[in-house]
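Q: Please take me on a close look at the second largest pocket of this model. I am new to it, so a friendly walk along its lining would help.

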Amino acid sequence: MTHDKVYLIDSSIYVFRAWFTVPDHVVNPENEPVNAVYGFADFVYQFLRQTQARHVAFAFDESLSTSFRNRLYPEYKANREPAPKELKRQFVYCREFLQASGLFETAQPQYEADDIIGTLARRMRERGHPITILTSDKDLAQLIFENDILWNFAKGLRNSIPQIKKQFGVYPSQIADQLAIAGDKTDNIEGAPGIGMATAAKLLNQFTSLEELLSNCAKISSMNIRGAKRIQGLIENHQEQLLLYKKLTTIYCDIDFSEDISLERTPPDFPALDKLFDKFGFSKYRRERWLSVLEA
């Protein structure tokens with residue numbers, strides 16, 4: 001039996017992109033900015049038109065400061081500015097719009113969108129569904145197994161394991177280790193100072209995981225890489241930090257969702273959609289276009 005593809009969408013990225021690219025003079029009848037809503041709705045329209053997806057989930061980030069990673073490491077993502085209230089309001093609108101359209105969406109206070117996607121990917125893979133993850137975030141490459149696709153929708157790039165290995169120099173299962181060693185500036189994770197992604201990849205090609213690397217520190221200085229002795233010292237002096245960083249870079253795939261969770265699309269709530277069309281100030285053309293893609 002062939003199972004439908006399941007599409008898992010790192011939704012916050014597409015709301016942020018719309019916020020920055022669609023002019024903020026796009027307002028609703030109450031004169032509130034709805035530029036992010038318009039841009040996000042356009043993205044979802046294009047996605048549905050291209051895929052006619054039957055099983056899809058939109059995962060959102062709920063907070064920058066309530067994830068379990070913040071308890072492990074208070075500096076986690078502390079370099080990011082909180083979203084302005086105008087954008088937070090539009091996030092709520094985007095989620096209401098998906099719900100009314102019969103599309104599954106969710107967020108969790110203790111977990112990030114990455115963890116939601118990781119958990120749903122594992123669940124749906126166990127049921128025999130091939131997985132496609134829509135994102136431009138490198139962290140999510142670690143979730144790609146055989147038959148899965150990482151789709152950068154804006155760039156039209158669909159990568160599977162061979163392309164990910166070529167891009168990062170390591171397999172998807174090693175990306176959390178690579179980010180722990182090299183650090184991840186976007187998440188305020190320092191890594192081992194002076195070791196970048198390419199050197200981390202060389203270390204992981206020799207020792208398959210961070211744990212194996214730390215068990216074989218003494219062998220690093222004899223590796224055929226530039227500055228091997230210095231690198232050995234850096235790894236030896238940051239062992240505890242690196243193990244902590246791996247806890248931060250590893251996507252958690254065991255959120256307690258209901259066993260019978262279904263990502264299958266449900267019939268749209270047309271009265272709720274009509275109210276939202278009015279609230280957003282959608283034109284007749286936008287309404288008809290959206291309804292046509294839902295009916296397809």
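A: Four nonpolar, five polar and three charged residues make up the lining of the second largest pocket. Here Ala, Val, Leu, Ile, Met, Phe, Trp, Tyr, Cys and Pro count as nonpolar, Asp, Glu, Lys and Arg as charged, and the others, Gly among them, as polar. This is a predicted model, in which local features need pLDDT of at least 70 and side-chain atom pairs pLDDT 80 or more, while totals for chains, interfaces and linings use all residues. Residues are numbered from 1 along each chain as its sequence is written, and side-chain values use heavy atoms, without hydrogens and water.

Now to the residues themselves. The nonpolar ones are Leu150, Trp151, Leu157 and Phe168. Asp137, Lys138 and Lys155 are charged, and Thr135, Ser136, Asn152, Asn159 and Gln167 are polar. A pocket is an open set of points on a 1 Å grid, where a 1.4 Å probe fits, with protein on both sides within 12 Å along at least five of seven lines; lining residues have an atom within 4 Å of a point.

Strand E5 (149-152) gives the most to this lining, with three residues: Leu150, Trp151 and Asn152. Strand E6 (157-159) brings Leu157 and Asn159, and helix H6 (161-168) brings Gln167 and Phe168. Helices (H or I, at least four residues) and strands (E, at least two) are DSSP runs, numbered from the N terminus.

The volume of this pocket is about 180 Å³, whereas that of the largest pocket is about 960 Å³. A volume is the space filled by probe spheres set on the points, which are joined across faces, edges and corners.
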